[in-house]
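This report describes two metal sites and the nonpolar cores of a protein model. The sequence and structure are shown first.

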Amino acid sequence: MEKWIAALRSQGYKVTPQRRVVIEALKQGDKFATAQQVLEAVRQRFPEMSLDTVYRNLSLLVELGLVHEVRTKGRDGNFFEIAVTGHHHHTVCLQCGKAECLDFCPIHEQDLARAEVGGFKITAHSLEFYGYCADCRKVG
Ligand SMILES: [Zn+2]
Ligand SMILES: [Zn+2]
Ligand SMILES: [Zn+2]
């Protein structure tokens, strides 16, 4: 928890009880949580907290690199994952929505350099791999 508090403070953000409880909800739940799942956990302590507030706090944490956002294509919206490991990517099943972490980044320095056209400077990137998991690929 101290790591998150220090990171928020060093960027000039207050560690509000709402922010703290959003982080706690992510740490205690399953590996991936939707904003709705975070809201349900958070409402046990802040019954009046809105989904909008959860989204705003999650966006800030994603911006600060404390939380990873996985863009799913499902109806339940994106997954959020506490950033215990460094930069990495995910596979997302288009059938069942299951996400898995990849422990590497397939983007190479030279690819990034090629993308920096017209003086553009890349500071971050995100990338998801969509397809079908082993269970969903089984026929019958
Ligand atoms: Zn699947
Ligand atoms: Zn991950
Ligand atoms: Zn990467």
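C136 is found in helix 6 of this predicted model. The residue is partly exposed, with a relative accessible area of 26%. Beyond its neighbours within four places in sequence, C136 is in contact with C93, Q95 and C96. C133, by contrast, lies in the loop between strand 6 and helix 6 (134-137). With a relative accessible area of 14%, C133 is counted as buried, because it falls under the 20% limit. Outside the range of four places in sequence, C133 is in contact with C93, C96 and K98.

**The site of ligand 1**

These cysteines belong to a metal site. The zinc ion (ligand 1) is coordinated through the SG atoms of C93, C96, C133 and C136, at 2.3 Å. Along the chain these donor residues follow the spacing C-x2-C-x36-C-x2-C. The angles among the four donor atoms run from 103 to 116°, and the site is tetrahedral. For comparison, the ideal angle for four tetrahedral donors is 109.5 degrees.

An unreviewed UniProt entry places the feature "binding site" at C93, C96, C133 and C136. These positions are spread over 44 residues of sequence, yet they cluster in space, the largest C-alpha distance being 8.2 Å. From this set, C93 and C96 also take part in the lining of the second largest pocket.

**The site of ligand 3**

A zinc ion (ligand 3) has as its protein donors H87 (NE2), H89 (NE2), C105 (SG) and H125 (NE2), which lie 2.0 to 2.2 Å from the ion. In sequence the spacing of these donor residues is H-x1-H-x15-C-x19-H. Two of the donors, H89 and H125, link distant parts of the chain: H89 is in strand 4 (residues 89-93), while H125 is in the loop between helix 5 (109-115) and strand 6 (128-131), 36 residues apart. H89 is buried, with a relative accessible area of 1%, whereas H125 is partly exposed at 28%. The arrangement around this zinc ion (ligand 3) is tetrahedral because its four donor atoms subtend angles of 98 to 117°.

The two sites are set out below.

| Ion | Donor atoms | Distance | Angles |
|---|---|---|---|
| Zinc ion (ligand 1) | C93 (SG), C96 (SG), C133 (SG), C136 (SG) | 2.3 Å | 103 to 116° |
| Zinc ion (ligand 3) | H87 (NE2), H89 (NE2), C105 (SG), H125 (NE2) | 2.0 to 2.2 Å | 98 to 117° |

**Nonpolar cores**

In soluble globular proteins, nonpolar side chains tend to be buried together. In this model the largest nonpolar core has 24 residues, and L26, V38 and V42 have the most contacts inside it. At least two residues of this core come from each of helix 1 (2-10), helix 2 (17-28), helix 3 (35-42), helix 4 (51-63) and strand 3 (79-82). Helix 2 makes the greatest contribution to this core, with five residues. L26 touches A33, V38, L58, V67, F80 and I82, leaving out residues up to four places away in sequence. There is also a second, separate core of five residues, which includes F32, V70, F79 and V92.

Conventions:
Residues numbered from 1 in each chain as written. Chains lettered and ligands numbered in written order. Predicted model: local features only at pLDDT ≥ 70, side-chain atom pairs only at ≥ 80, totals over all residues. Heavy atoms only, no water. Donors = N, O, S within 2.8 Å, 3.2 Å for Na, K, Ca; no water. Tetrahedral: all angles 85-135°; square planar, octahedral: opposite > 155°, others 65-115°. Helix = DSSP H or I, 4+ residues; strand = E, 2+ residues; numbered from the N terminus. Buried < 20%, exposed > 50% of the residue type's maximum accessible area, 1.4 Å probe, protein only. Core = buried A, V, L, I, M, F, W, Y, C linked by side-chain atoms within 4.5 Å. Contact = heavy atoms within 4.5 Å. UniProt positions renumbered as here; feature names shortened; annotations may be inferred. 1 Å grid on protein atoms, 1.4 Å probe; cavity = no way out; pocket = protein on both sides within 12 Å on 5 of 7 lines; lining within 4 Å.
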